[in-house]
Structure formats: structure tokens, C-alpha cells
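Colleague: I'm new to this one, so could you walk me through it?

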Amino acid sequence: MIADPEVEARPWAEQFTVDDASFREQFAYLLDRSLFYREKLAGFVPAGLADIAELPLTDKQEIRATCTPENPIGAHLCAEPSELIRIYSTSGTTGTPSYVPLTASDLENWITGSARSYAASGIGAGQRIISTYNAGPFVAGAALASFERLGLVHIPFGTGNSDRLVRAIERLKPEAVVLTPSYAAHLAERNPELAESSVERVLVAGEPGGGEPPFRAKLEDGWGAKVTEAMGVGDIGVSLWGECEEQDGMHLGARGFVHVELIEPETGAALELSDGANGELVLTHLRHRGAPLLRFRTRDHVEIRTSPCSCGRTSPRLRCIGRTDDMLIVRGVNVFPSAVREVVSTFAPDVSGHILVKAEAPGVKQDPPLPVSVELAEGAGADAALADAIREKVRSVLVVQTRVELVPWGTLRRSEYKSQLVERQVL
Ligand SMILES: [Zn+2]
């Protein structure tokens, strides 16, 4: 069911007109209130949203550099202290966490967008959902509010006690669970009874992976349920994107609240948002008050789909291929560890689906062959022919030479939150 049909089924071209008006207002607000953008833009004012690519990009490091003991949030803070109602921290996939201040209307918009994104997965009023985020200081907490908004019975559960969680699923019989794809895989691996549980929908978010076809197939098999994914960007908004039951990429649930662009990560050049295009996702707040961001580099590398979707939602869809930060360049070829995992996973049931890419050189550029540890399935023994077949398939699909080392089941570290796909040399 579409949570907000008037908005979500509106022709995408009309969205631009609405967003253009919001952008002009947002821009005027920034010039009025944002010390950071007043300095950064140095008087440049675009004619409208169509000219947004003429504005500079915003990097997280730039914002961070403006934090002071007097203003630990950063110079992009626009709202008065009395206007704020909440301050989250980002989980900080790189470096120290930063603070995300929200006004009442910001939080309301976040929950609205998140509710649209999660409703796309097919969950609805009266159903039960178990959440497994230890939300704590993190923005994921705002996503949980969207479950109540949709009329679901929300059963909050943290990570850390899988047995208790599996017992709760048996007793409370939820129709849905929401967790990270790593944790979903971890639970299914250890609890084969979950395939027969009441859970019909597994909603994954928090890291890429839930959209990789072999990994998704494994999750769907392990849970006996449909898997869809959602994605947010800490500094911009929670669960901005949510996948519908067609399972062909995540729709923009936060349409009207953020503007979407794609850039070439190395040069920053704007790319057209066309079907099949891929690049780094860049987002701009359209109606934000706390600490709005303009052309924010998300470091998420995504692939866009703009073909019509039979669910009736008209926003573009995307799939996250990986973090730009995780990307390695091997002899001129961009390699995402998540793409390596996707290829390796096609060797199931011989492999567990867990891999670790060992970056030997500091930095992005690596010399071939790239060492990759591939974990075998439970009970499987090392087999030179399997290692050769994996190496050959990775070479033909991703055009990269690897050195595949097969390791026994259970060797690679599992995380209940985000799985680590790259091991970097510490200098
Ligand atoms: Zn759809």
C-alpha cells in the first residue's frame, strides 16, 4: 500500500516544480542563517534548482573542520537553540561521530519520509514488527517512530541476545523484522527454524548488501520471507529510500524533502539521473531547518533505475553498490568489495557468503592480484578447483585479478551491525 499516494504517485516531472520552489526558499534560509554556506558560496546565487550543479559540493570533513568547543555541531547550524528538539549523532563509519540537530518540523519530515519508505515494503497497520537496532544516540531511532505512524505494533529489540530474539519471534509471531543484512544472515545461519516462523517480510537497512541478488536469495531462503531494503544517510535523513514489493531498487520515500543528484566520484562532475547510471549519491535538503546541507557527498556509490515501477510510485529507484570509501582501484579498474562478495556468493552452497578483501597497499590504488579471503560453507573442505573457479569468475565479471584464499566456516568475523569487507594495512 502506498502511504502517501498523492505525493508518491505524482508524476516525477511535477515533483521538480514543487522542489524548485522549496529549494529557493531553502537557499534563502541558508544565506540568512548559515555561516558555513554564506562563506562557502561567497555571494553566488543560482537561478533555481535546475542550476544546482553550479554550486560547490559539501564534504563531511569541511563541516567537521568548523566544529569548535563553542559550537560542537558546526558552522552549518542554522536553528536557534530554542528551535531544536533533538540532537542525534551519526554512527561515524569513518572517524569520530558528528551531531545532527533537528527542529520539530525536521523530525516530522524524517518520520513522514521514513514511513513512506517502510510502507513500500508491504507492511501495514495491525501487523507486528520486531526492530533490532540499538538505536541509542543514532538517527535510526527516528525510523522506529515511523512504524507507529503506520499503525504497526512495534516490538523493540536490540542486538546482542539472539536466543531471546528468536524466542520472541516464536512467541509474539511478528509478520516483519527490521535489521541489518549482516545480522539477518547471522540469525538465519544459526537458526534454521526461522524459515518456518511467522515472519513474512525481512526489512534490511543500515548497510549495503540486502540488494545483492545472491545474498538476498540466501536471506529469503533462510527466513522463508520476502527481503526488501531501506537506506538513509545520517546527516541528511533516516530511511530516505525504501524498496517496494517489486524488489527492483529503493524508491525515494523522502521526495519533496531532499533533492537527488549523481556525480562522478573522482572528478565531482554531475551525471545525468538516467536509467542504469551509476555514481556517487549527492543530496540536498529542501525543507530542513536544523543544519541543512547543500550538495552533500554521501560517499554511497549507487545505481539508478528510472523505468516505471508497477507499484505506482513514480520516484527514481536506486541500489547501493558500496561505499565510495571502500572502493579500491586495481590497475585502473574500480572495485567495490561488495561487488566481489556478490560474485563470490553465486558459489553457494559451497561458500558461506562472507568475504574479506585484504588491501595490501595504503590508500585506494592496489596492485593485482588482490587478496580475497572467501569463507567456505559449514562442513565444506578447501578445494583448489573451487578457488580457481571463483578467481576466474571474479576476473570475468569484474575484470580484476584476485588471489583467492579459502578459509573454514566461522573464520571471518561476523558483526551484528555492519560487516567489514575490507581489511586495510595500518601504517
Ligand atoms: Zn515500486
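Here are a few questions and answers on the metal site and some strands.

Modeller: Quick note before we start: this is a predicted model, where local features need pLDDT of at least 70, side-chain atom pairs count only at pLDDT 80 or more, and totals for chains, interfaces and linings use all residues. Residues are numbered from 1 along each chain as its sequence is written, and side-chain values use heavy atoms, with hydrogens and water left out.

Colleague: What is the geometry of the site of the zinc ion?

Modeller: Donors here are N, O and S atoms within 2.8 Å of the metal (3.2 Å for Na, K and Ca). The protein ones are C244 (SG), H251 (NE2), C309 (SG) and C311 (SG), 2.1 to 2.3 Å from the zinc ion. Four donors count as tetrahedral if all angles lie between 85 and 135 degrees. The angles among these four donor atoms are 99 to 115°, making the site tetrahedral.

Colleague: Is C309 buried or exposed?

Modeller: Buried means under 20% relative accessible area, exposed over 50%, partly exposed in between (1.4 Å probe, protein chains only). C309 has a relative accessible area of 13%, so it's buried.

Colleague: Which residue in β19 stands opposite I355?

Modeller: Strands are DSSP runs (E, at least two residues), numbered from the N terminus, and two of them pair if DSSP finds at least two bridges between them. β17 (residues 351–359) and β19 (residues 370–376) run antiparallel, joined by four bridges. Across from I355 in β19 is V374.

Note on methods: Four donors count as tetrahedral if all angles lie between 85 and 135 degrees; four count as square planar and six as octahedral if opposite donors are over 155 degrees apart and all others between 65 and 115; anything else is irregular.
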